[in-house]
Amino acid sequence: MVNPNEITPHLFRTEYSKIVAVLCRSFDIRHIEIAEDIAGETFLKASEYWALNGLPDNPSAWLYTVAKNKAKDYFKHLSVVEKNKQEEIKAVENNYQTIDFDTKNISDSQLEMIFAACNPVNSQETQICLALQILCGFSVEEIANAFLSKPETIKKRLQRGRETLRTHHFTIDYLNEQDIHQRLETVLTTLYLLFNEGYFSRSHNLLIRKDLCLEAMRLTLILTDHSFTNTPKANALLALMCFQSSRLDARVNDKGEAILFDEQDETLWDKALIDKGNYYLIEACQSNNSSVSKYHLEAGIAYWHTSSAEDKWQQILNLYNQLVVIEYSPVTALNQTFAFSKVYGNQKAIIEAEKLNLITSEYYHGLLGYLYAELNTNKAIYHYQEAIRLTKSNPEKQTLQKQIDLLCSK
């Protein structure tokens with residue numbers, strides 16, 4: 001028998017934002033908190049009812065029905081207490097019968113919702129924060145981890161962003177081409193961060209959160225299915241997600257511990273997802289007018305990771321060399337150095353890594369621990385211990401400690 005307590009968090013991640021988006025689209029709700037409250041009450045009722053009566057045959061349909069009824073009840077209550085807004089309330093109530101949770105309407109609603117949240121009246125950072133919270137269900141802590149910021153900073157940014165949307169009469173409208181082109185870059189960044197949190201989670205006791213990866217892929221697929229948003233960058237991002245997701249089952253063992261790339265069982269890689277990645281990467285490169293974006297380069301890197309070609313690490317290094325030029329980040333520089341070690345050896349890579357001097361990064365110390373492992377055991381253990389001290393991820397701590405234990409046993 002399926003335990004409702006186990007499935008409810010997964011459904012919350014996948015269905016909450018759908019309910020909010022459809023309600024906002026149907027009612028043209030300017031104060032999005034109303035839709036969020038209705039969705040929250042729906043899940044509260046689900047957790048209570050399912051605990052007593054078991055899981056329904058179709059949990060998603062059950063949630064949609066309850067959400068629709070709660071929306072109707074809300075506006076009935078409002079018509080009683082807000083006597084001076086009867087005309088406005090009646091107009092909204094008339095839309096009750098038009099609430100539709102079919103697949104197309106959900107997709108359209110979510111697409112419109114993410115573009116509405118990415119409104120240029122806010123800064124790009126605030127737009128991404130709002131989209132991650134409203135559409136992706138991220139907590140303040142998860143957003144803070146994605147931005148490498150303090151939770152209090154993110155909380156204030158979200159509060160200001162929501163207030164700005166209210167001031168500018170936030171609505172969910174049908175998309176026009178100009179708005180799409182203006183906001184698409186921010187939307188892609190949001191989905192990229194959503195996938196990254198799932199691929200390498202910093203907030204939970206799970207190293208990988210497949211629900212986030214799948215949700216990011218589903219939303220990016222919506223973009224590639226829409227004529228206005230089916231761009232080379234969107235296809236490149238989807239290709240990246242497919243390649244990375246193809247190796248998810250090989251990245252952790254039964255205990256939830258990370259498995260290093262060199263030790264992964266390639267028979268666990270998903271060939272179908274690799275083929276899809278190839279398809280979308282080809283689509284991303286079809287246009288002669290499109291420039292090479294970071295998504296193209298990262299997708300290319302992910303492609304070569306799935307390849308068995310003898311020169312794959314040289315190809316990966318070449319792509320990282322381009323990536324650090326167009327969009328430098330400490331993580332990219334560390335990954336570039338790892339690829340450098342595969343081509344030129346650990347001794348030379350240590351020199352390059354230490355030039356970065358990223359002493360407050362657990363990834364920096366983890367890389368140096370790996371590079372020193374065959375050259376200087378004491379230094380390798382020191383850096384692994386520093387990485388353990390700096391990381392917040394329990395699975396990562398376990399993996400690093402395992403490397404120390406192996407070095408000590410030699």
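In the predicted model, residues 24 or more positions apart account for 64% of those contacts in the protein chain that have a separation of 6 or more. The protein chain contains 19 helices and zero strands, and 50% of its 410 residues count as buried.

The region around helix H16, which spans residues 346-356, was examined with respect to burial and packing. Within H16, the residues Ala-349, Ile-350 and Ala-353 are buried. These three residues cover an arc of only 105° around the axis, and they are therefore placed on the same side of H16. Such an arrangement can be read against the geometry of the α-helix, which has 3.6 residues a turn, so that residues three or four places apart point the same way. The buried residues of H16 pack against two helices, namely H15 (330-344) and H17 (362-372). Just after H16, the chain continues with Asn-357, which takes a positive phi of about 55°.

The pairing of H15 with H16 can be described in further detail. The axes of the two helices, H15 and H16, come within 8 Å and cross at roughly 165°; because angles over 145 degrees count as roughly antiparallel, H15 and H16 are assigned to that class relative to each other. The crossing in which H15 passes H16 is right-handed. On the H15 side, the residues that meet H16 are Ala-333, Leu-334, Thr-337, Phe-340, Ser-341 and Tyr-344, while H16 contributes Asn-346, Lys-348, Ala-349, Glu-352, Ala-353 and Leu-356. Classified by residue type, this contact of H15 with H16 has seven nonpolar, three polar and two charged residues. Ala-349 and Ala-353, which are among the buried residues of H16, are also among the residues of H16 that meet H15.

Two further helices, H6 and H7, were considered for their buried residues. Helix H6, comprising residues 124-134, includes Gln-127. The relative accessibility of Gln-127 is 6%, and since buried means under 20%, Gln-127 is counted as buried. When its neighbours within four places in sequence are left aside, Gln-127 is in contact with Ala-117, Cys-118, Asn-119, Pro-120 and Asn-122, as well as with Thr-186. In helix H7, which runs over residues 140-147, the buried residues are Glu-142, Ile-143, Ala-144 and Asn-145. H7 is followed by Leu-148, for which phi is positive, near 55°.

Definitions and conventions: Residues numbered from 1 in each chain as written. Predicted model: local features only at pLDDT ≥ 70, side-chain atom pairs only at ≥ 80, totals over all residues. Heavy atoms only, no water. Buried < 20%, exposed > 50% of the residue type's maximum accessible area, 1.4 Å probe, protein only. Helix = DSSP H or I, 4+ residues; strand = E, 2+ residues; numbered from the N terminus. Arc of directions from axis to C-beta. Contact = heavy atoms within 4.5 Å. Axes fitted to C-alpha atoms, helices over the stretch in contact; angles between N-to-C directions. Parallel < 35°, antiparallel > 145°, perpendicular 65-115°, else oblique. Left-handed = near helix turned anticlockwise from the far one by under 90°. Nonpolar A, V, L, I, M, F, W, Y, C, P; charged D, E, K, R; others polar.
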